Amino acid sequence: MKALYLTNEFPPNIYGGAGVHVDYLTREMAKLCQVEVRCFGEQQETGLGFQVQGFLARKKGWTAPAALQSVFGALDQCLQFNTKAVDADVVHLHTWYTHFGGILAKLNYGIPMVLTTHSLEPLRPWKREQLGGGYDCSRWVEKTAIEMADAVVAVSEGTKKDVLEHFEVDPEKIHVIYNGIDPQEYQPIQAPEIIQGFGIDPEHPYILFVGRITRQKGIIHLVRAIRDLTPGYQVVLCAGAPDTPEIAEEMKQAVAAVQAERDGVFWLQKMVDNRTKIALYSHAAVFCCPSIYEPFGIINLEAMACGTAVVASAVGGIKEVVLDGITGFLVPVEQEKESPFEALHPEQFSKDLAEKINACLSDETLRARMAEAGRHRAIEVFSWQAIAQKTFALYQSLQGK
């Protein structure tokens, strides 16, 4: 069997959880079947045990607005994915950027189409800030692909529920297969020199955030919570890749305001390599994930694997990763029923985040117990080997259909 993976992100161009997922999944799948990856970029790779080819959008002469060029670029790259002959037995799509490519492969080459839902466009209305009218296009492409897919992989039970609520899909076509972790790579390490390189004191406890600057990740709520944190602790915000100039400016002003009020608030504005990220996780006292929307939340799993207690919002797939009171604390987010995309009471949510973080910081024994339980859960439940086996079985079930 040969599987073709279509993805926006692939090393070295990774900026989110979907890219991490594809990176590890394809490596594990290559042990079970032939693998080919077609992605956005200039990659030309065969040394991984499978073929990787990147494609660039052909934008010369384009006069469309910048926000729309990213949408048209994705459609152009999806077309290029297919003008190179496809000889795979199944095509597997990751993120809406590649859905049009999968549609073309299914229709023109007659192969089954599998689609992993890392997030859903109807639940990310803030994308209109970034894409303008292109958001209507991304929603249409996603809806079309999900409803014609031979199989939809939901990364959590919560995501499966969201798919059924927003799309016309046979429930039997939806398969819950979690994101995973490599516990050999993501494990506690001692690397104080990396921490010190950012001016952070590795001997002094700190709260950590890792992620993109986007409405979805809720980082502004954490920044606002800093005022209510117990004095004396450091805060490290490893946050880059802002969705829009507007949210970048909002973040800049919010961080500057808290830095003016207290010492020990560090903002690392560039996305860091894996070893640096693992060192940040390992030395942190508490990891905080304040997401407003999160189909899975792989960052929580990374922190748990590195032996760090987690404080996270009780939304989406996070509730299936973080066990409240055992591997960390879950913080409820009250949301508008008509528009469940923002905290209904953002000030209260920030205060609740601070309260749970303070509870972890004040009890070293509790933190150690949560850290141990989190590491154990990451190893036992979320290995990439088990995830690859489930994915391969899904491919086999589609043969001949």
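Q: Which residues count as buried here, and what share of the chain do they make up?
A: Buried means under 20% relative accessible area. In this predicted model, buried residues account for 57% of the 401 residues in the protein chain.

Q: OK, and how do I get a feel for the overall build?
A: Start by counting elements: the protein chain has 15 helices and 14 strands. Then look at the radius of gyration, which is 21 Å; the globule rule gives 21 Å for 401 residues, so the chain is as compact as a globular protein of that length. If you'd rather picture a box, the C-alpha atoms fill one of roughly 60 × 45 × 40 Å along the principal axes.

Q: What do the contacts say about residues far apart in sequence?
A: Take the contacts between residues at least 6 apart in sequence: 67% of them join residues at least 24 apart.

Q: Now let's zoom in on a helix pair. How do helix 11 and helix 14 cross, and at what angle?
A: For a pair like this, check the distance between axes, then the angle. The axes of helix 11 (residues 298-305) and helix 14 (residues 364-381) come within 7 Å and cross at roughly 115°. Angles of 65 to 115 degrees count as roughly perpendicular, so helix 11 is roughly perpendicular to helix 14. The crossing is left-handed.

Q: Which residues make that contact?
A: From helix 11 you have Leu 301, Met 304 and Ala 305, and helix 14 brings Ala 371, Gly 374, Arg 375, Arg 377 and Ala 378. By type, the contact of helix 11 with helix 14 divides into 5 nonpolar, 1 polar and 2 charged residues.

Definitions and conventions. Residues are numbered from 1 along each chain as its sequence is written. This is a predicted model: local features need pLDDT of at least 70, side-chain atom pairs count only at pLDDT 80 or more; totals for chains, interfaces and linings use all residues. Side-chain values use heavy atoms; hydrogens and water are left out. Axes are lines fitted to C-alpha atoms, for helices over the stretch in contact, and angles run from 0 to 180 degrees between N-to-C directions. Helices (H or I, at least four residues) and strands (E, at least two) are DSSP runs, numbered from the N terminus. Angles under 35 degrees count as roughly parallel, over 145 as roughly antiparallel, 65 to 115 as roughly perpendicular and the rest as oblique. A crossing is left-handed if the near helix is turned anticlockwise from the far one by less than a right angle, and right-handed if clockwise. Contact means heavy atoms within 4.5 Å. Ala, Val, Leu, Ile, Met, Phe, Trp, Tyr, Cys and Pro count as nonpolar, Asp, Glu, Lys and Arg as charged, and the others, Gly among them, as polar. The radius of gyration is taken over C-alpha atoms; the globule rule is 2.2 Å times the number of residues to the power 0.38. Buried means under 20% relative accessible area, exposed over 50%, partly exposed in between (1.4 Å probe, protein chains only).
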